[in-house]
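The exercises below concern a two-chain model. Each gives a task and then a solution in steps.

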Amino acid sequence: MLNIIKKEEEGKLLFELEGRLDTITAPDLEKDLMSSLEGISGLLLDFEKLEYISSAGLRVLLSAHKATAGKTEMKIVHVNDIIMEIFETTGFSDILDIE
Amino acid sequence: MPENTKGRELVIALEGRIDSGNSAEVEERIFRELSDKDIAGVVLDAEKLSYISSAGLRVILRVRKNYPDMKVVNVCPEVYDILDMTGFTEMMTVERAYRVVNIEGCEEIGRGANGTIYRIDKDNVVKVYNNADALEDIRHEREVAKLALILGIPTAISYDVVKVGESYGSVFELLNASSFSKILATEPEKMDWCVKEYVEMLKKIQSTLVPKGKLPDIKDEALKWARFMKDHIPEDAAEKLLSLVEAVPHDDHMVHGDYHTKNLMLQGDEVLLIDMDTLAIGHPIFELAAMFNAFTGFSEYDHNVIKEFQGFDFETGRSFWLRSLAAYLGTDNEKTVLEVEDKARVVGYARIIRRSMRHGGLETEKGRAEIEFWKERLIEVLGRVDSLVFERNELDVEAEDANIPAVLAFLDRRLEEAGCPMKLQMQIDLAVEEIFVNIAHYAYAPGKGRVKVNCDVFDDPRYVQIRFTDSGIPYDPLEHEDPDVTLSAEERQIGGLGIYLVKQAMDDVQYEYKDGQNILTLKKFF
């Protein structure tokens with residue numbers, strides 16, 4: 001299960017994710033995320049309540065990163081240890097802006 | 001037309017043919033007999049009746065008008081057909097004349113709780129019931145066998161009831177069939193095959209959902225076994241036994257109740273389940289208990305018992321049982337097998353102790369020694385078992401994304417039970433999801449298929465082993481080249497990370513293709 005809470009502030013988009021970003025839930029996020037990128041000045045993904053990510057979730061992040069590259073700043077914050085390790089293993093920690 | 005009085009019931013014999021030519025005469029005689037005496041009931045004995053026309057049937061109807069409870073007995077097949085076609089069998093009690101079958105010198109091919117099966121000729125077998133008044137048992141067994149057949153269990157249904165000496169028997173067509181016991185006894189090299197088929201049938205029985213009210217609940221029986229022990233073992237042990245059985249959850253799936261190798265037949269290349277009279281619903285632990293008894297419990301004190309009953313020795317039975325249990329549970333771990341066996345032993349011992357005591361076990365020295373032996377073991381195993389519930393280490397599901405939550409839930413239950421740290425559990429979840437998705441998307445594309453997931457936890461060193469088995473196209477995911485994780489985002493391909501993550505998260509990943517199946521095994525040390 002994944003809860004997506006979407007907020008917009010001064011042209012900046014905030015996605016708070018809660019639960020699991022996996023094969024089942026990743027398509028929902030992808031749809032939501034990719035259709036919201038038009039005309040925003042920043043994208044913030046809050047992972048504070050995200051417990052788990054699989055390669056399907058990573059793919060969504062990579063797509064979003066590619067789609068925003070050079071246009072919009074994309075940042076991921078409040079990443080827990082388990083997910084951080086997955087980012088490190090896959091080299092995502094070098095690609096994405098993670099806090 | 002001779003007749004005689006049997007108590008207050010008048011038996012009138014009918015002979016030859018009754019048709020319009022003689023029906024008036026027959027009627028007159030019957031009513032003359034009836035008017036002479038003070039009669040409570042009428043039985044028409046049709047042993048020597050070879051034909052009855054509608055004129056004759058009308059005579060019977062007029063008798064019935066005065067004696068609504070009358071019955072017709074010893075009816076030959078030709079007359080029975082007439083009575084059946086005209087609806088008489090539904091209107092009144094009509095009992096068939098039974099064909100007499102001699103079983104002297106016939107081979108015994110099976111033996112169950114309430115009867116023994118003999119081969120009477122090349123194509124037919126007869127099950128002779130122990131109970132002399134077995135017509136009700138026969139009717140019951142025929143009913144449940146029909147039900148099982150309708151629900152998809154391959155079985156044989158009897159087509160005739162016969163007299164065998166003083167007992168009744170039911171006749172089945174069973175062409176060139178031999179029991180699995182016989183195969184195990186004479187062709188020991190077929191052990192692996194027998195285990196596979198035996199377990200497959202067991203799973204089939206257990207996955208059969210029985211409509212409500214059609215079969216008894218075996219738990220009600222098990223509660224009787226448990227309550228019986230109250231007077232025979234220490235109070236605390238008896239209380240624990242009863243609470244363990246009470247705690248077993250209700251289950252509406254089928255249980256055979258006496259599932260051993262004499263009740264599994266090979267006919268051509270078809271495997272048939274027979275001896276259906278103990279068919280019930282209930283939790284699989286009760287099936288396992290009966291299986292334990294058949295292969296170990298009954299012969300644990302005197303190892304010769306199994307040789308007499310099954311035709312193979314104690315060691316063969318023991319090995320067959322443990323291998324079947326491991327295959328059924330989907331485990332490679334001997335410890336897991338023995339833990340589940342202990343649960344089966346709890347119920348099994350309670351059942352055989354009661355059975356033995358009710359069958360005069362206490363009257364012989366050997367019987368008493370045996371009962372003491374089982375009691376000791378029951379008390380000992382009760383000390384170790386805290387629940388009769390178990391879970392198979394195997395999940396067999398359709399390979400599709402929608403089943404990921406079910407697979408992860410299954411694994412997480414097992415991992416939590418094993419005390420797997422949370423972080424490890426996450427890593428295992430990740431690896432499992434990646435592998436499962438791979439199989440779901442590619443193994444059977446564009447069609448569909450199933451995948452089996454087995455999960456075992458081993459000690460010394462402590463690790464979890466997860467195995468995926470599918471029958472899809474041969475594919476070794478390990479051949480896939482690892483993605484370059486140092487590339488920049490622009491150079492990165494979307495995808496290709498799954499298997500890499502699996503290799504990173506797991507301590508060992510092995511692939512093999514065997515018997516038309518992809519088998520991928522993951523290991524992770526705690």
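Two strands count as paired if DSSP finds at least two bridges between them. The model is predicted.

**Exercise 1.** Give the strand order of the six-stranded sheet in chain B and find its edges.

Solution.
- Step 1. The order is S6-S10-S11-S9-S8-S7 (chain B), in an open sheet with mixed pairing.
- Step 2. Strand S6 (99-100) and strand S7 (108-111) of chain B have a single partner strand each, so one side of each is without a neighbour in the sheet, and these two are the edges.
- Step 3. S7(B) runs antiparallel to strand S8 (residues 115-119) of chain B, and three bridges join them. One residue pair illustrates this: Gly110(B) has Ile117(B) in S8(B) as its bridge partner.
- Step 4. Helix H5 (residues 135-150) of chain B lies across strand S9 (124-129), strand S10 (160-164) and strand S11 (167-173) of chain B. The helix H5(B) runs at about 25 degrees to S11(B).

**Exercise 2.** Describe the fold of chain A, from its elements to its sheet.

Solution.
- Step 1. Count the elements: chain A has four helices and five strands. From the N terminus on they run β-β-α-β-α-β-α-α-β.
- Step 2. The strands form an open sheet in the order S1-S2-S3-S4-S5 (chain A), with mixed pairing. Strand S1 (2-9) and strand S5 (97-98) of chain A are the edge strands, each pairing on one side only.
- Step 3. At one edge, S5(A) pairs in the parallel sense with strand S4 (residues 73-77) of chain A over two bridges. Here Lys75(A) stands opposite Asp97(A).
- Step 4. Helix H1 (residues 26-34) of chain A packs on the sheet, where it touches S1 and strand S2 (12-21) of chain A. The direction of H1(A) makes about 15 degrees with that of S1(A).

**Exercise 3.** How compact or spread out is each chain, judged by the globule rule?

Solution.
- Step 1. For chain A, the radius of gyration is 12 Å and the rule gives 13 Å for 99 residues; the two are close, so chain A is as compact as a globular protein of that length. Its C-alpha trace spans about 30 × 30 × 20 Å along the principal axes.
- Step 2. For chain B, which has 17 helices and 21 strands, the radius of gyration is 31 Å, well over the 24 Å that the rule gives for 526 residues, so chain B is more spread out than a compact globule. The C-alpha atoms of chain B fill a box of roughly 110 × 60 × 40 Å along the principal axes.
- Step 3. Look at the domains of chain B. The assignment gives domain 1 (3-97), domain 2 (108-173), domain 3 (188-382) and domain 4 (394-525). The C-alpha centres of domain 2 and domain 4 of chain B lie 48 Å apart.
- Step 4. Add burial. Buried residues make up 33% of chain A and 37% of chain B.

**Exercise 4.** Which elements of chain A give two or more residues to the side that touches chain B?

Solution.
- Step 1. Taking contact as C-beta atoms within 7 Å, 19 residues of chain A are in contact with 21 residues of chain B.
- Step 2. The elements sought are helix H2 (55-68) and helix H3 (81-89) of chain A. H2(A) gives the most, with seven residues.
- Step 3. By class, this side of chain A has eight nonpolar, eight polar and three charged residues.

Definitions and conventions:
Residues numbered from 1 in each chain as written. Chains lettered and ligands numbered in written order. Predicted model: local features only at pLDDT ≥ 70, side-chain atom pairs only at ≥ 80, totals over all residues. Contact = placed C-beta atoms within 7 Å. Nonpolar A, V, L, I, M, F, W, Y, C, P; charged D, E, K, R; others polar. Rg over C-alpha atoms; globule rule 2.2 N^0.38 Å. Buried ≥ 20, exposed ≤ 12 C-beta atoms within 10 Å, placed from the backbone. Axes fitted to C-alpha atoms, helices over the stretch in contact; angles between N-to-C directions. Domains from an automatic or database assignment.
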